[in-house]
Structure formats: C-alpha cells, structure tokens
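Let us walk through this fold together, starting from its sheet and working outwards. Please keep the structure open beside the text as you read.

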Amino acid sequence: MRNQLYQLSETDIAFPNPEYALTSPDGLLAIGGDLSLPRLSNAYKSGIFPWFSEDEPIMWWSPSERGIFELDDFHISKSLRKHLKKHPVKVTINNAFEEVIEACRDQRLDTDGTWITSDMLDAYTNAHNAGIAHSLEVWSNGELAGGLYGIMQNGVFCGESMFHHQTNCSKLAMWALVNWLKRHNAHFIDCQLENPYLMTLGAKVVPRSKFLTKLKAARTYTLNPIMWQPQELNAIYE
C-alpha cells in the first residue's frame with residue numbers, strides 16, 4: 001500500500017485509491033485539482049471529500065475511520081419529541097439551498113472559522129443546480145430556523161454541514177432527513193468524521209474499508225426523480 005500525498009492533475013478528475021491516504025494527518029489523500037462538478041461528483045462516489053481553509057490549497061480526504069449514521073440507529077429523545085409538540089415546525093427540501101449553506105458558513109465563522117470558503121460555496125451551489133447537492137430546511141413561524149445540506153448521488157446521503165437559529169432545529173433537520181431517507185429506502189448517511197454531537201444522536205464510527213464496502217453496495221441504488229424536487233415534507237415526524 002502506497003501511503004503518500006498525491007498531486008492531482010488539473011485535467012484528469014481521477015483519484016488515487018482512498019486506502020493510500022496518509023496516516024498523519026489521518027486521511028489526507030491528495031491536494032490540488034479543482035472543485036469542478038465532475039471532480040466533486042467523482043470524489044463523493046469514491047468516498048473522498050474536500051476539506052480546507054481559505055488560505056490553503058484544495059485538500060482531499062478519506063479518513064481511516066468514518067462517521068456514519070445507520071438510519072435505524074438515529075436516537076430520538078423524549079425531550080426532543082416534547083419540544084416538537086410545543087414548537088411545531090414546517091420542513092422543506094431544496095427550497096432555500098443558498099440560505100442554508102450560507103447559514104452553515106456564518107455559524108462557523110462566529111466560532112472557530114469555516115471550511116466553507118467562497119470557492120466551496122460556489123462549488124456546492126453549482127452542484128445543487130446540477131441536482132446532486134441538496135438542502136433540508138426547518139421553518140418556524142415563517143423563518144428559517146435550522147437546516148442541513150449534502151450530496152446524494154446513490155443510496156448514501158453525504159452530509160456536509162448543519163446549522164440552527166433556534167433550539168433543537170438542527171436535530172429536527174437530521175430527524176427529518178433520516179425519515180425522508182427511510183421513506184425512499186436509502187442506505188445510510190455519511191458524516192465524514194467522528195462528531196461528538198452526532199454521536200449523541202446515534203452516529204457511529206466504522207473503518208474506512210467497511211465504509212468503502214458499504215459505499216460500493218449503495219451504488220446499485222436508483223434515486224427516485226421526485227425525491228429531491230422542492231417540496232414540503234408532510235407528516236415527516238410520524
């Protein structure tokens with residue numbers, strides 16, 4: 001196995017085997033290339049994602065341990081159910097993609113900085129316009145209260161980021177996403193890295209080899225063409 005850092009071509013969108021990623025820093029596979037739609041699409045199909053800051057080169061990752069959500073493992077607390085009864089919300093998909101990704105960026109700029117650079121924002125907006133990047137929005141009293149976005153090209157929803165403006169609304173977004181994916185018999189959610197917040201909701205960590213095996217199995221999944229059409233998700237918490 002050739003654990004080394006690869007320099008990507010400006011023209012060839014192929015990636016090296018994810019198993020060749022460095023062990024330190026864990027999962028760094030390649031640098032360079034671009035954030036074009038074909039390359040971004042190929043990266044997610046291969047179990048690879050971009051992650052870098054504004055002043056850094058484009059870096060591509062496939063960590064040795066991957067955070068995932070098995071759909072049946074999502075944990076719904078009694079307090080979240082009580083909160084939803086007291087504070088009902090409306091849930092939509094692909095109604096406000098740019099607002100969601102900008103809210104995700106702004107929430108992180110206020111804390112530790114963000115990997116959602118201007119180039120990343122443009123790339124994922126382009127992916128959304130091409131039909132592979134999607135947002136889920138939670139509305140309260142007509143205002144955007146929370147949401148998330150990610151990439152879905154087969155049976156896996158590759159989560160990128162989430163935000164909340166009101167209490168519990170990122171959890172409500174994830175709950176709605178899980179139920180929507182279940183309705184469509186999807187496979188699982190890719191969380192990319194281990195995240196303590198998501199672990200409290202039922203996420204787990206699997207070795208890269210197992211993740212890649214699951215990802216390969218999900219390639220046979222056929223997306224329903226109406227799944228990600230802009231719409232309100234009725235009775236999504238039932």
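Two strands are said to pair if DSSP finds at least two bridges between them. With that in hand, look at β9 and β10 in this predicted model: the two strands pair in the parallel sense over three bridges, and Val156 has Phe188 in β10 as its bridge partner.

Now widen the view to the sheet around this pair. It is an open sheet of eight strands with mixed pairing, and its order is β11-β5-β10-β9-β8-β7-β6-β12. At the edges you will find β11 (204-207) and β12 (231-232), each of which pairs on one side only. Strands of a sheet pair through backbone hydrogen bonds, and the pairing can be parallel or antiparallel. An antiparallel case is β5 (residues 65-70) with β10 (residues 188-192), joined over four bridges; here Gly67 is matched with Gln192 in β10.

Move next to β8 and β9. They form a hairpin with three residues between them, and their antiparallel pairing extends over seven bridges. Within it, Leu148 has Met162 of β9 as its bridge partner. How enclosed is β9 by the rest of the structure? Eight of its nine residues are buried, so β9 is largely enclosed.

Gly147 is a good place to pause, as this residue belongs to strand β8 (residues 143-152). Is Gly147 buried or exposed? Its relative accessibility is 0%, and because buried means under 20%, Gly147 counts as buried. Leaving out residues up to four places away in sequence, Gly147 touches Val100, Leu136, Glu137, Ser161, Met162, Phe163, Cys169 and Ala173. As for Thr167, which is 20 residues from Gly147 along the chain, the C-alpha atoms of the two are separated by 12 Å.

The helices come next. Helix α5 lies across β5, β6, β7, β8, β9, β10 and β12, and runs at about 45° to β8. Packed against α5 (169-183) are the buried residues of α2. In helix α2 (residues 78-86), Leu80, His83 and Leu84 are buried. Why do these residues share one side of α2? They cover an arc of only 100° around the axis, which puts them on the same side of the helix. Turned away from that buried side is a face with the exposed residues Lys78, Lys82, Lys85 and Lys86.

Helix α4 gives us another contact to follow. The axes of α1 (residues 37-45) and α4 (residues 118-129) come within 10 Å and cross at roughly 85°. That crossing makes α1 roughly perpendicular to α4. On the α1 side, Leu37, Leu40 and Tyr44 take part, meeting Ala123, Tyr124, Asn126 and Ala127 of α4. Sorted by class, this contact has six nonpolar residues, one polar residue and no charged residues.

Finally, visit Asn94, which sits in the loop between β6 (90-93) and α3 (97-109). How accessible is this loop residue? Asn94 has a relative accessible area of 9%, so it is buried. Its neighbours within four places in sequence aside, Asn94 is in contact with His128, Ala133, His134, Ser135, Glu137, Trp228 and Pro230. One name here may be familiar: Glu137 also appears among the contacts of Gly147.

Conventions. Residues are numbered from 1 along each chain as its sequence is written. This is a predicted model: local features need pLDDT of at least 70, side-chain atom pairs count only at pLDDT 80 or more; totals for chains, interfaces and linings use all residues. Side-chain values use heavy atoms; hydrogens and water are left out. Buried means under 20% relative accessible area, exposed over 50%, partly exposed in between (1.4 Å probe, protein chains only). Contact means heavy atoms within 4.5 Å. Axes are lines fitted to C-alpha atoms, for helices over the stretch in contact, and angles run from 0 to 180 degrees between N-to-C directions. Angles under 35 degrees count as roughly parallel, over 145 as roughly antiparallel, 65 to 115 as roughly perpendicular and the rest as oblique. Ala, Val, Leu, Ile, Met, Phe, Trp, Tyr, Cys and Pro count as nonpolar, Asp, Glu, Lys and Arg as charged, and the others, Gly among them, as polar. The arc is that of the directions from the helix axis to the C-beta atoms.
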